[in-house]
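The report below works through a structure from its bound molecules to its chain interface and then to a few points of backbone geometry. Please keep the sequence and the coordinates open while reading.

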Amino acid sequence: MKILVCVSKTPDTTSKIAFKDGNTKFDEAGVQWIINPYDEWYSLVRAIELKEKDAATVIHLVTVGGADTEPVIRKALALGGDEAIRVNAEGGDSFFIASQIAEIAKQGGYDLILAGKETIDFNGASIGGMVAELLDVPYVALATKFELNGTTAVVTREIEGGEEVAEVALPVVVSCQKGVAEQRIPNMRGIMAARTKPLKVVEPVGADNLTQVVSYELPPAKAGVKLVAADNVDELVRLLHEEAKVI
Amino acid sequence: MSVLILIDHADGHVKKASLEALTYGAAVAKQLGVPAAGLLLGTVTEDVAALGQYGISTVYQVANETFNTLDAQVYAKAITAAVGTTGATVVIFSHNQTGKAVAPRVSAALKAGLVAGAVALPDTASGFVVKKAVFSGKAFANVSVTSAIKVISVNPNSFKVEAVGGTAEVKALDVTPVAARVKVTAVNKVSGEVPLTEADIVVSAGRGLKGPENWGIVEDLAHVLHAALACSRPVADSHWRPHHEHVGQTGFQVAPNLYIAIGISGAIQHLAGVNRSKVMVVINKDPEAPFFKAADYGIVGDAFEVVPKLTAAIKQLKG
Ligand SMILES: Cc1cc2nc3c(=O)[nH]c(=O)nc-3n(C[C@H](O)[C@H](O)[C@H](O)COP(=O)(O)OP(=O)(O)OC[C@H]3O[C@@H](n4cnc5c(N)ncnc54)[C@H](O)[C@@H]3O)c2cc1C
Ligand SMILES: Nc1ncnc2c1ncn2[C@@H]1O[C@H](COP(=O)(O)O)[C@@H](O)[C@H]1O
């Protein structure tokens, strides 16, 4: 079993979101970078659990990014995984990134490709599906549970108002979210081991960018809260009905 | 040139999120001066022609029941074929579970740029620029699509469904589905509940409720409002409530018309999942709770006293 886990870096969840250069660039000043939580907590940990059950499993991590993604990739390796591949490219759109991952996937012949549900900065929820299409393999999005039964994946996925269990023969691309695994903390042994694990750097293949962010904006500031006394809920109901018109 | 909108359905019914996508698609078509058509893969019990009331002139239907279960690969192949036969240049999905699974595939197959999670109509003054939510709702990005064909998935609850009247012409489309490789073996729906991502109103509670046994007052309020239930992450993590109710940066992102937060402090990661709600009401006994800074209306008070009173007052309003 060969698993490819897609890992991206994102600003820490408490980062101040600000933009620079006339609102065309994210202001990285003072930002701490972390592994995208969906990639770290769910896809990667699930892959590690599968390896713990079957020692013959090989886990590769892939990231598309500049040299500054390496600390994040090392942290991912400290959690587990055998080697990492960094495609040396910065700033591509979803299709560009997916094309790079698909290329790595083709060369590596993986049985299972795990992505996160979405990145918490770009919120595309797109790259897993694009990779699956480029490889012409099935895609199960928004998994909340993932089991392997021989060469069949048994995936529980989210649907409106519930869940659905689906079976699909490998190879498959799955996007993971809460439920697939439990967050882990890397231990000292893992951190030491990560230092010597291979981190290969490869150059990107030619691929188009189909979209481009032209500018960013912050949501308009709120007018401020209107407080209503606790013994006057009728007033709140009136405001919601007559002023906000939401009930 | 035309706009093609996927009509997504479950259990024989067109999803509300899909009606929003139809409304959005019809508006895009109007803006571009081209026709808007729906694409229905599979079968529904409703009157398909009546979907014309949302502003589309045609519904292309592939009435093959294979499509009543979702296999993203099978869907993408059929949609890609339909884009070819109908000559669509803009393809629209809801950014719901189906759209998240299928739109990226269609985008990659057609080499058509995707804007996932659009919150506004495209700006077509020069080029084709669509606003989408980024940083988990903390900001927006204006994304220019540079490919010939454009794919947009519309954030649920960003567009109000608008029925303008009219009927659509229903045309059968001849598309043979490829063999499905994903086999659905079980479906577990929480019956009687309003699905979180489809809800106009969401009633959410946090650790301030003290324990799962106290959720009755929250459920009663949700019930009178026909609202969906949600909760903060520690509540789901301690198994007080099911995971599918967890909202926030690492849970569901919702954008209802009304979000009522009870006993939730308003941590930045929680707000990230809910701050696109149109109106936010906070009930918290701590006047310093950060949620008050983000809210539109608030009551400083004990949830156990305020919430039952609020439920009663709303009941009275609704008669
Ligand atoms: C990487 C990361 C991701 C995260 N993702 C999420 C996420 O997706 N969603 C999320 O929710 N959290 C998330 N968190 C956790 C978040 O930081 C907060 O810890 C969490 O939201 C707090 O939940 P809470 O408001 O229910 O509990 P608390 O912070 O404990 O707040 C309880 C509130 O209830 C009030 N209260 C107490 N008693 C009463 C009463 N009787 N009546 C009225 N009010 C009362 C208190 O004043 C307090 O404000 C994340 C954290 C991290 C680090
Ligand atoms: N630059 C990247 N390198 C590797 N994987 C990525 C990258 N960006 C996104 N991914 C993967 O794709 C998932 C979805 O990302 P997105 O479509 O941007 O929301 C993420 O959770 C990652 O698993």
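Which residues come nearest among the 19 around ligand 2? In this predicted model, the nearest ones are D39(A), V64(A), T119(A), A125(A) and S126(A).

**Ligand 2**

Two of these nearest residues also make polar approaches to the ligand: an N or O atom in the side chain of D39(A) is 2.5 Å from an oxygen atom of ligand 2, and a polar backbone atom of A125(A) is 2.7 Å from an oxygen atom of ligand 2. A further approach comes from N36(A), where a polar side-chain atom lies 3.1 Å from an oxygen atom of ligand 2. On its own, ligand 2 has 480 Å² of accessible area, and the protein covers 95% of that area.

**Ligand 1**

Ligand 1 lies between chains A and B. Around ligand 1 there are 28 residues, of which K210(B), S232(B), S265(B), H270(B) and N284(B) come nearest. Sorted by class, the shell of ligand 1 holds 7 nonpolar, 15 polar and 6 charged residues. Three helices of chain B, namely α5 (233-237), α6 (268-274) and α8 (303-318), each supply at least two residues of this shell.

Some polar approaches to the two ligands are collected here, with the part of the residue that takes part in each.

| Residue | Part of residue | Ligand atom | Distance |
|---|---|---|---|
| R207(B) | backbone N or O atom | oxygen atom of ligand 1 | 2.8 Å |
| S232(B) | side-chain N or O atom | oxygen atom of ligand 1 | 2.6 Å |
| A303(B) | backbone N or O atom | nitrogen atom of ligand 1 | 2.8 Å |
| N36(A) | polar side-chain atom | oxygen atom of ligand 2 | 3.1 Å |

For ligand 1, the accessible area of the molecule on its own is 990 Å², and the protein covers 81% of this area. The residue S232(B), whose side chain provides an N or O atom at 2.6 Å from a ligand oxygen, is also one of the residues that come nearest to ligand 1, while A303(B), which approaches a nitrogen atom of the ligand through a backbone N or O atom, carries the number at which α8 (303-318) of chain B begins.

**The interface of chains A and B**

How many residues of chain A are in contact with chain B? The count is 79 residues of chain A, in contact with 88 residues of chain B. The area buried between the two chains is about 7,000 Å², and carbon and sulfur atoms give 59% of it. Alongside this contribution, there are 38 residue pairs in polar contact across the interface, counted where both residues have pLDDT 80 or more, and the number of salt bridges between chain A and chain B is 5. One salt bridge joins K178(A) and D237(B), whose closest N and O atoms are 2.9 Å apart.

The side of chain A that touches chain B draws at least two residues from each of several elements, including the helices α1 (37-53), α4 (127-135) and α6 (233-243) and the strands β9 (139-149), β10 (152-159) and β11 (162-169). By class, this side of chain A has 44 nonpolar, 16 polar and 19 charged residues.

**Backbone geometry in loops**

L170(A) and P171(A) are joined by a cis peptide bond, with omega about 0 degrees, and P171(A) is found in the loop between β11 and β12 (172-176) of chain A. D21(A), although not a glycine, has a positive phi of about 50 degrees, and D21(A) is found in the loop between β3 (19-20) and β4 (25-26) of chain A. In chain B, S136(B) likewise has a positive phi of about 50 degrees without being a glycine, and S136(B) lies in the loop between β8 (129-134) and β9 (139-145).

Note on methods. Residues are numbered from 1 along each chain as its sequence is written. Chains are lettered from A and ligands numbered from 1 in the order in which they are written. This is a predicted model: local features need pLDDT of at least 70, side-chain atom pairs count only at pLDDT 80 or more; totals for chains, interfaces and linings use all residues. Side-chain values use heavy atoms; hydrogens and water are left out. A residue is near a molecule or strand if one of its heavy atoms lies within 4 Å of it. A polar contact is a pair of N or O atoms within 3.5 Å; within protein, one must be able to donate a hydrogen and the other to accept it, and residues adjacent in sequence count only if both atoms are side-chain atoms. Accessible areas come from the Shrake-Rupley method with a 1.4 Å probe; for residues, only the protein chains shown count as cover. Helices (H or I, at least four residues) and strands (E, at least two) are DSSP runs, numbered from the N terminus. Ala, Val, Leu, Ile, Met, Phe, Trp, Tyr, Cys and Pro count as nonpolar, Asp, Glu, Lys and Arg as charged, and the others, Gly among them, as polar. Contact means heavy atoms within 4.5 Å. Buried area is the accessible area (1.4 Å probe) that two parts lose on being put together, summed over both. A salt bridge is a side-chain nitrogen of Lys or Arg within 4 Å of a carboxyl oxygen of Asp or Glu.
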